[in-house]
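Let us walk through this structure one part at a time. Keep the 3D view open as you read.

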Amino acid sequence: MAFTAKDVQALREKTGVGMMDCKKALTEADGNVDKAMEILREKGLASAAKKASRAAAEGTVAAFSTADASALVEINCETDFVGKNPEFVGLANAIAKTVATVKPADLDALNAATIADGTLSVADALQELFLKIRENMKLRRFALVEGKAVSYIHAGGTVGVLVEFDTDDATAAKDEFIAMGKNVAMQVAAMSPEYLAKEDISADELAKMKSIIIDSSLNKADTLPKPILVELCTKCCAEKLWSDEDIAAYEEQKNNKFLFNFLSKEAVAKLAELAVAGKEKYVENKIFAGAVDGRLKKQLKEVCLLEQEFVRADLFEGNVGGYVADVAKKLGADIKVKKFVRFAKGEGLEKKVDDFAAEIASMVK
């Protein structure tokens with residue numbers, strides 16, 4: 001079956017694939033447009049398979065909400081340029097809408113689902129876009145919240161957040177609630193908490209956090225409580241564990257708050273060595289234990305969302321939990337934060353590093 005330049009152009013408009021590829025596909029299909037489209041898809045799958053091993057750590061995070069569900073998705077690609085491509089971003093938004101409406105159980109179910117406002121499956125929609133862009137793309141993960149949630153997308157898809165709340169329908173519809181939810185989501189995006197509240201941290205995790213604080217405190221001699229530090233310095237002097245220069249420096253500067261400026265690195269290292277060796281004894285020391293508990297409380301305020309200092313001090317001075325409670329009081333409602341989800345584009349993925357100098361050098365050899 002013969003075909004014309006108009007047929008090639010029509011196929012290109014349908015698929016977005018280059019003119020030469022369209023012409024080759026029509027030639028192979030004897031001018032049958034449907035068969036040519038199938039040939040392009042098959043070749044695209046083969047090409048995608050070849051590129052699947054290439055690093056895809058760029059991309060975007062998208063969100064979508066319906067009346068009863070909210071979704072967050074991350075799609076990765078190879079370059080930041082493609083990550084900002086309107087078609088790529090549009091596909092991410094469509095997949096987020098699919099998650100919120102279809103409510104798939106996992107990635108396999110999502111890939112098999114018909115994409116929102118379309119006729120293709122999500123997997124096929126990704127493949128169609130690959131045919132146009134020719135860059136490795138992966139639907140990496142999604143989160144679905146069924147209930148009242150507020151989303152926030154930072155910097156055009158660099159970070160996405162969903163925060164789920166427990167409140168009544170009337171409160172959830174109020175502008176004040178939505179603004180509060182957005183502010184909490186922005187807090188999550190900016191401060192990257194690990195837990196909702198300290199009650200969500202298991203006993204084993206707390207014990208591990210405390211153990212790390214103990215070890216780091218013992219290894220940093222200049223932060224040791226003064227009685228322990230004096231004891232260790234006295235031991236180093238009495239047993240000549242330090243050089244004569246360090247012993248003399250200590251005797252002269254022991255009441256100076258900048259004592260460590262006068263001790264050698266070796267002397268400071270010896271103090272840490274002795275402190276670690278005496279760990280069993282020092283963890284029972286009330287002063288040391290108090291200092292460790294203080295550092296643990298400080299760390300909990302950093303890793304727990306509701307304990308974090310609210311970044312919008314212009315709206316509320318206090319922690320995030322206090323801010324939510326303040327808004328709830330003003331609205332005369334009961335509002336609780338149930339959970340949050342935070343996706344940062346490409347987090348944990350290996351990024352491609354281009355060494356253009358090495359590439360050019362290899363070309364001229």
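A residue counts as buried when its relative accessible area is under 20%. Keep that cut-off in mind. The model here is a predicted one.

Start with helix α5, which covers residues 86-102. How far apart are its end C-alpha atoms? They are 24 Å apart. That agrees with what we should expect, because 17 residues at 1.5 Å a residue should span 24 Å. The expected span is 1.5 Å times one less than the number of residues.

Now look at which parts of α5 are hidden. Its buried residues are Phe88, Leu91, Ala92, Ala94, Ile95, Ala96, Thr98, Val99 and Ala100. What do they pack against? Three helices are on the list: α4 (80-83), α6 (107-112) and α7 (122-133). The strands β1 (58-65), β2 (69-77) and β3 (138-146) are on it too.

Check both ends of α5. At the N-terminal end, Asn85 acts as a cap. A side-chain oxygen of Asn85 lies 2.7 Å from the backbone nitrogen of Glu87. Just after the helix comes Lys103, with a positive phi of about 60 degrees.

Next, turn to the sheet. It is open and has 3 strands, in the order β4-β5-β6. Their pairing is antiparallel. Which strands form the edges? They are β4 (148-154) and β6 (336-344), and each pairs on one side only. From one strand to the next, the twist averages 15 degrees. Between β4 and β5 (residues 159-166) there are 7 bridges. For one of the pairs, find Val150: its bridge partner in β5 is Val163. Helix α9 (residues 175-191) packs on this sheet and touches β4, β5 and β6. The direction of α9 makes about 130 degrees with that of β5.

Finally, look at the cores. In soluble globular proteins, nonpolar side chains tend to be buried together. The largest nonpolar core here has 30 residues. Which of them touch the most other members? They are Leu218, Leu224, Leu232, Trp242, Tyr250, Leu271 and Phe288. Five helices each supply at least two residues of this core: α10 (203-219), α11 (226-238), α12 (244-253), α13 (265-277) and α15 (286-303). The largest share, 6 residues, comes from α11.

Zoom in on Leu271. Leaving out residues up to four places away in sequence, Leu271 touches Ala221, Leu229, Leu232, Cys233, Cys236, Trp242 and Phe260. Another core, of 27 residues, lies apart from this one. Among its members are Ala185, Phe310, Val320 and Ala344.

Terms used: Residues are numbered from 1 along each chain as its sequence is written. This is a predicted model: local features need pLDDT of at least 70, side-chain atom pairs count only at pLDDT 80 or more; totals for chains, interfaces and linings use all residues. Side-chain values use heavy atoms; hydrogens and water are left out. Helices (H or I, at least four residues) and strands (E, at least two) are DSSP runs, numbered from the N terminus. Buried means under 20% relative accessible area, exposed over 50%, partly exposed in between (1.4 Å probe, protein chains only). Contact means heavy atoms within 4.5 Å. A polar contact is a pair of N or O atoms within 3.5 Å; within protein, one must be able to donate a hydrogen and the other to accept it, and residues adjacent in sequence count only if both atoms are side-chain atoms. A nonpolar core is a set of buried Ala, Val, Leu, Ile, Met, Phe, Trp, Tyr and Cys residues joined through side-chain atoms within 4.5 Å. Two strands pair if DSSP finds at least two bridges between them. Axes are lines fitted to C-alpha atoms, for helices over the stretch in contact, and angles run from 0 to 180 degrees between N-to-C directions.
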